Amino acid sequence: MSFDVVSAARVGRSLDLDVDDVVVGSGAAGAVVACLLAESGRNVVVLEEGPQLRASEIESMRPSQHLRKAWRDGGMTVAVGLGGGPSINVTMGRAVGGSSMLTGGVCFRTPAHVLDDWSHRLGLKGFAAQELEPHFEEVERAINVEEVPASLRSLSTKKFIQGAEKLGLVIEPLRRNTRGCNGCGRCNFGCPHGAKLSVDYTYLPRAVAAGARIFSDVLVNEVVIEDGRAQGVSATIVDRARSPFRRAQTVKVRAKRVVLAAGATHTPLILARSAVRDRSRQIGRNMTLHPAFRMFARFDERLDGWRGALQSAYSRSLEHEGITLVGLFVPPGVLAATMPGFGNEHVRRAADIPHLAVFGGMIHDEGGGAVRRGPGREPIFTYDMSETDKQRIPNLIRKMGDAFFAAGAREVFPPILGQAGLTADAFRAKDFSKVPGLKLECSSQHPLGSARMGVSPDSSVVQSSGETWGARGLYVVDGSVVPTSLGVNPQLTIMALATRIARGMISGSAR
Ligand SMILES: Cc1cc2nc3c(=O)[nH]c(=O)nc-3n(C[C@H](O)[C@H](O)[C@H](O)COP(=O)(O)OP(=O)(O)OC[C@H]3O[C@@H](n4cnc5c(N)ncnc54)[C@H](O)[C@@H]3O)c2cc1C
Ligand code: SF4
């Protein structure tokens, strides 16, 4: 999709702008809010740290190029594990379209039991399922959420389903934001066919059509606050070709309203650098991650697991144990690069890729993530997994392995660093509760909750309207506000909450 984005690095001078609303970050939440505010007639500018990747560029990119251009830290961000828990590789986007561009397209509404918890335990008003229904419907229409047909299931996913159903697990089709998907399985590295309707295909073009201006390559440093009210932001232009001896150019925006949508890992950093009152001392804390684990299995027959939708089925049968199982696959090139061994051994393992099946599981975690300002640009990121969540990991590994063996796998590869393949007997004999946390291979694509929404300035960072308790006219709309872990992929929740907040701003009820 082509729509006009101005690369601030190409303008060649500092910028000084005066607008109604400035939105920081162009991902899932920022795109929704920018679009709705612009369509309501406001003068909106969006500032995005990353570059714009045009569809024509994505088509010709190898995954390794995509990782370098569109993923923060090339996908290598780590939340350091504390208290004997695993360190977690947290991935996120840094480009026009944010992490929305990198998703497998999976869309879940917030589970009813999570919304009940927000209403009853946290006391949040206006978040009951029927109150959020119109916002979910609006987003689902805009990004075309549809069920993945069984015909798009890969043989990898079908193998897992075969085994899981023998164990009594119920497998259901996933819903994704797609139109015309051909099952090429590349979703995480940008859809080369324009079939995944991420915000760069939906909300951002609409925002520009309604008059919003989007500047890429702009790193927002802080919110300017005077007399307890947000007045705008100050930023630096990210010019990767700039000589280190030349001063960086800047962007100053004066605005009636500042909307932070820099994602759950970076919005807290901007808040911490700005003079926002923080009575709760919760900025950057309480982060949940949905720690996730992958299980590989080798079958005798050829599966070519990359043929089919990357993600097509899931199971919530283990919800009561805090576990959600979600199908996935990894492009063969990326898979080969992450396999252990050198020389002939590596070649032998890589030759097995067509015989591999993969499934993933994530934990509906209790939190324990924190980001704080570090010496450089990126945060110091830690995750102290709760004892309850640590105890869920062996069960998760056991269930995924059992399912693959029930489907006839020859061996499985549990998510343990340095672990060779295990036969069924070896797998059954292994006590996974004895594996040290630091040896577990754990990842996350879902940071949430680091500037949580709540009913009191003593325990939360933003109000249910999205406005911060600490500065008037300053809003947070991204994954940071989600007050608890969800147990399911979060983009739809984030976009529906952003819609709710934007609608409140437009009607004036959020001011
Ligand atoms: C590989 C991957 C796969 C995923 N798959 C799914 C899926 O299938 N289903 C699902 O529901 N969720 C999925 N997610 C999660 C989902 O993408 C995120 O939860 C969602 O996009 C978060 O929205 P956000 O607006 O909070 O942040 P983001 O979408 O991450 O947007 C934040 C933006 O802010 C920019 N930014 C940060 N700091 C600054 C600054 N100082 N100045 C200017 N700009 C800044 C960033 O560059 C980024 O573009 C996936 C995520 C990843 C990484
Ligand atoms: S499977 Fe291929 S066509 Fe379908 S959404 Fe993913 S990248 Fe696009």
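**A guided talk through the model**

Modeller: Welcome! Let us start at Arg-281, which sits in the loop between H9 and strand E13 (292–298). Please keep in mind that this is a predicted model.

Colleague: What makes Arg-281 count as buried or exposed?

Modeller: Arg-281 has 10 C-beta neighbours inside 10 Å. A residue is exposed if that number is 12 or fewer, so Arg-281 counts as exposed.

Colleague: What is said of the phi of Arg-281?

Modeller: The phi of Arg-281 is positive, about 55°, although the residue is not a glycine. That deserves a remark because most residues other than glycine have a negative phi.

Colleague: Where is Asn-144 found, and how do you know whether Asn-144 counts as buried or exposed, or partly so?

Modeller: Asn-144 belongs to the loop between helix H6 (129–143) and strand E6 (145–147). Its count is 17 C-beta neighbours inside 10 Å. Buried needs 20 or more and exposed needs 12 or fewer, so Asn-144 counts as partly exposed. Asn-144, which is not a glycine, also has a positive phi of about 55°.

Colleague: What makes E10 and E11 a pair?

Modeller: Two strands pair if there are at least two bridges between them. Eight bridges join strand E10 (218–226) to strand E11 (residues 229–237), and the two run antiparallel, so they pass that test. One of the partnerships is Val-220 with Ala-235 in E11. E10 and E11 form a hairpin with two residues between them, and Asp-227 in the turn has a positive phi of about 50°.

Colleague: How do you know that E11 and E12 pair?

Modeller: By the same test, which asks for at least two bridges: E11 and strand E12 (residues 250–260) have five, in the antiparallel sense. Gly-232, for example, has Arg-254 in E12 as its bridge partner.

Colleague: Which domains does the protein have, and why is the largest nonpolar core placed where it is?

Modeller: The domain assignment gives domain 1 (6–69 + 93–128 + 196–283 + 448–489) and domain 2 (146–189 + 288–444). Their C-alpha centres lie 30 Å apart. Their contact takes 21 residues from domain 1 and 27 residues from domain 2. On the domain 1 side, H9 gives the most, with three residues.

Now the core. The largest nonpolar core has 155 residues, and Val-24, Val-33, Ala-34 and Phe-404 have the most contacts inside it. Helix H2 (residues 28–39) gives the most to this core, with ten residues. Both domains give residues to this core, so it lies between them.

Colleague: What is Phe-404 in contact with, leaving aside its neighbours within four places in sequence?

Modeller: Phe-404 is in contact with Phe-160, Gly-163, Met-295, Ala-297, Ala-357, Ala-409 and Val-412. Each of these counts because two residues are in contact if their C-beta atoms lie within 7 Å.

Colleague: How many residues surround ligand 1, and which come nearest to ligand 2?

Modeller: Ligand 1 is surrounded by 43 residues, with Gly-25, Gly-27, Gly-98, Asp-478 and Asn-489 the closest. H2, E10 and helix H14 (491–507) each supply at least two residues of that shell. By class, the shell has 18 nonpolar, 21 polar and four charged residues. Around ligand 2 there are 15 residues, of which Cys-181, Cys-184, Cys-187, Cys-191 and Lys-196 come nearest. Here the shell divides into seven nonpolar, six polar and two charged. The cysteines are on the nonpolar side of that count because Cys counts as nonpolar.

Definitions and conventions. Residues numbered from 1 in each chain as written. Chains lettered and ligands numbered in written order. Predicted model: local features only at pLDDT ≥ 70, side-chain atom pairs only at ≥ 80, totals over all residues. Near = placed C-beta within 6 Å. Core = buried A, V, L, I, M, F, W, Y, C linked by C-beta atoms within 7 Å. Helix = DSSP H or I, 4+ residues; strand = E, 2+ residues; numbered from the N terminus. Domains from an automatic or database assignment.
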